[in-house]
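Dear colleague,

I am handing over the structure below, and my notes on what was found in it follow. Please read them with the model open beside you.

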Amino acid sequence: MNTEINNLKNIRVDTEEIMAEIRKEIQEKGYNEQLLHFREIDLCTDIAQQDCYDMESFENHVANLNSMYHITTEHERSGNVIKRFIQRIVGKLIRFYIEPIVAEQVKYNIEVTQTMNQVRLYHLQSQQDMDELNESQRAATYDMTRKIQMLEKELDEIRRNHK
């Protein structure tokens, strides 16, 4: 860290150049000075619009939950040496506040992920149980149909014999 500070002392900071970079980035990204109101923000409402169950979609969502439930405050810093140094300092200054929030969010994410995994397993087990029940009911229906046919034949024979 001392070498970085020594390197920073030797670097001449051109604030006009940095501001020009920031202005260029703002212009490229199309930012403007007007604040957005909540009603102007596009919300993805397709999530609530699903009107039927889709097993493949459910499986994909559960897989996504399993792969991204853990979040962290660490990320790769970008920009020049000065930007990275400032990012690191700011990160250290707010870490005491952010890390407990992130830890609570991770706990929540774990609970949601485990719950959805249990829902998935319950669904799969229920489907398997329904398939087994369906098969046993088909077999019972087939047996009853055969018995009814045999009884109808016996009844027809009894009727013929009594005439």
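**Contacts and overall make-up**

In the protein chain, 84% of the contacts (heavy atoms within 4.5 Å) with a separation of 6 or more are between residues 24 or more positions apart. Please bear in mind that this is a predicted model, in which local features need pLDDT of at least 70 and side-chain atom pairs count only at pLDDT 80 or more, while totals for chains, interfaces and linings use all residues. Residues are numbered from 1 along each chain as its sequence is written, and side-chain values use heavy atoms, with hydrogens and water left out.

The protein chain has four helices and zero strands, where helices (H or I, at least four residues) and strands (E, at least two) are DSSP runs numbered from the N terminus; the order of elements from that end is α-α-α-α. Of the 163 residues in the protein chain, 6% are buried, a term that stands for under 20% relative accessible area, with exposed meaning over 50% and partly exposed lying in between (1.4 Å probe, protein chains only). The protein chain exposes about 15,200 Å², of which carbon and sulfur atoms supply 55%; such areas come from the Shrake-Rupley method with a 1.4 Å probe, and for residues only the protein chains shown count as cover.

**Helix 2**

Helix 2 covers residues 15-29, and because a helix is expected to span 1.5 Å times one less than its number of residues, its 15 residues should span 21 Å, which agrees with the 21 Å between its end C-alpha atoms. Just after helix 2, G30 takes a positive phi of about 75°.

**The largest pocket and R95**

A pocket here is an open set of points on a 1 Å grid over the protein atoms alone, where a 1.4 Å probe fits and protein lies on both sides within 12 Å along at least five of seven lines; lining residues have an atom within 4 Å of a point. The largest pocket holds about 190 Å³ of space, the volume being that filled by probe spheres set on the points, which are joined across faces, edges and corners. Its lining consists of T73, E74, H75, R77, Q87, G91, I94, R95, I98 and E99, and by class this gives two nonpolar (Ala, Val, Leu, Ile, Met, Phe, Trp, Tyr, Cys and Pro), four polar (the others, Gly among them) and four charged residues (Asp, Glu, Lys and Arg).

R95 lies in helix 4 (residues 81-162) and is partly exposed, with a relative accessible area of 28%. Leaving aside residues up to four places away in sequence, R95 touches E74 and P100, and its C-alpha is 8.2 Å from that of T73, 22 residues apart in sequence.

**Y53 and H123**

Y53, in the loop between helix 2 and helix 3 (55-68), is partly exposed at 48% relative accessible area and, with residues up to four places away not counted, touches F58 and H123. H123 belongs to helix 4 and is partly exposed at 25%; by the same counting, H123 touches Y53 and M55. The C-alpha atoms of H123 and M55 are 9.7 Å apart, with the two positions 68 residues apart in sequence numbering.

With best regards
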